[in-house]
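Me: Hey, I'm new to this one and could use a quick walk through it. Here's what I'm looking at.

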Amino acid sequence: MKLNKYIDHTILKCFAQKEHIEKLCSEAKKYDFASVCINSSYIPYAKELLKGTDVKVCTVIGFPLGACDTKVKAYETKVAYDNGCDEFDMVIHIGALKDKDYDYVREDIKAVVREAKGKCVKVIIETDQLTEEEKVMAVKLSCEAGACYVKTCTGFTAGIATVEDIKLMKETATNGVKVKASSGIRSLKDAEALIAAGAERLGTSAGIKIVEGE
C-alpha cells in the first residue's frame, strides 16, 4: 500500500501565505502525495511549484459553510478550473439537506460537477452535523449528481473522520463513488483504521507524520 498516494496534503488556514504554500508543495513533492489542498487564490502559484510532478492541486468550493448560492459555487469552480485546478472539494448546503430540499442539494452538486468538466469532485457532507439518515441521503445525492468522492468533514466544526462514518458512507455509495476521510487524522494508526474501513483518500495536515509512521 502506497500510503503517500492516499494523502491530500492540506493547508486551508486563513493566515496561509505564499511561504506556507511553498513549504506545502515542497513537502508534497518530496513525499509524492496525491495532492495539495489549498484555497483557490494560490492555485496558479501551486501549479507552478508542482510543475513536472504528478502531485495534483485541489481546492475547496463553498468553503467552509456550503451555504452560498449555487451560482457562486459554480463560478468559483469555473475560475479554479480556468486557473488549472485538478480536483475540487465542495461543501454541500447542509441547511437544505436538513430541510429535505433534496432537489436543491443535488442540483447544487451538479453545478460544481458541470464546471469541473470531468475533473474530480469530492463532496463534503460535514458528518458531525448530520443524523445517520441525513448522512445516507447526502451520499446518495452526491452519487446521483456525479461526484467522484464523498468526504466526511471540513475541519471547521468539531467533527472528525470516524471509522463508523467511513463504513456507512462506503456501504451507501454507488456508481463507483469513493470515500475521503478528513479531519482529525493525526497518526499512522488513524490513517490505517480509516483506510481499512474503506477510505480511499485522506485529507490531513499531518501527512508527513503519517507516512513516517509516527
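Me: How many disulfides does a search of the whole structure find?
Reply: The search turns up 0 disulfides. Keep in mind that this is a predicted model.

Me: What about Cys58, how far away is the nearest cysteine sulfur?
Reply: That sulfur belongs to Cys37 and sits 3.7 Å from the one in Cys58. A disulfide needs the two sulfurs within 2.5 Å, so Cys58 is in no disulfide.

Me: And is Cys58 buried or exposed?
Reply: Cys58 counts as buried, because its relative accessibility is 0%.

Me: Which cysteine sulfur is nearest to Cys68?
Reply: The one of Cys85, 16 Å away, and Cys68 is in no disulfide either. Cys68 has 26% relative accessibility, so it counts as partly exposed.

Me: Switching topic: how many strands are in the barrel?
Reply: The closed barrel has 8 strands, in the order S1-S2-S3-S4-S5-S6-S7-S8, and the pairing is parallel. On average, neighbouring strands of this sheet are turned by 25° against each other, ignoring direction.

Me: Where does helix H1 pack?
Reply: Helix H1, residues 18-31, packs on the sheet and touches strands S1 (7-10) and S2 (35-38). The direction of H1 makes about 160° with that of S2.

Me: OK, and how many bridges join S4 to S5?
Reply: There are 5 bridges between S4 (residues 87-91) and S5 (residues 120-124), and these two strands run parallel.

Me: Which residue in S5 is the bridge partner of Phe88?
Reply: Phe88 has Val121 as its bridge partner there.

Methods:
Residues are numbered from 1 along each chain as its sequence is written. This is a predicted model: local features need pLDDT of at least 70, side-chain atom pairs count only at pLDDT 80 or more; totals for chains, interfaces and linings use all residues. Side-chain values use heavy atoms; hydrogens and water are left out. Buried means under 20% relative accessible area, exposed over 50%, partly exposed in between (1.4 Å probe, protein chains only). Two strands pair if DSSP finds at least two bridges between them. Helices (H or I, at least four residues) and strands (E, at least two) are DSSP runs, numbered from the N terminus. Axes are lines fitted to C-alpha atoms, for helices over the stretch in contact, and angles run from 0 to 180 degrees between N-to-C directions. Contact means heavy atoms within 4.5 Å.
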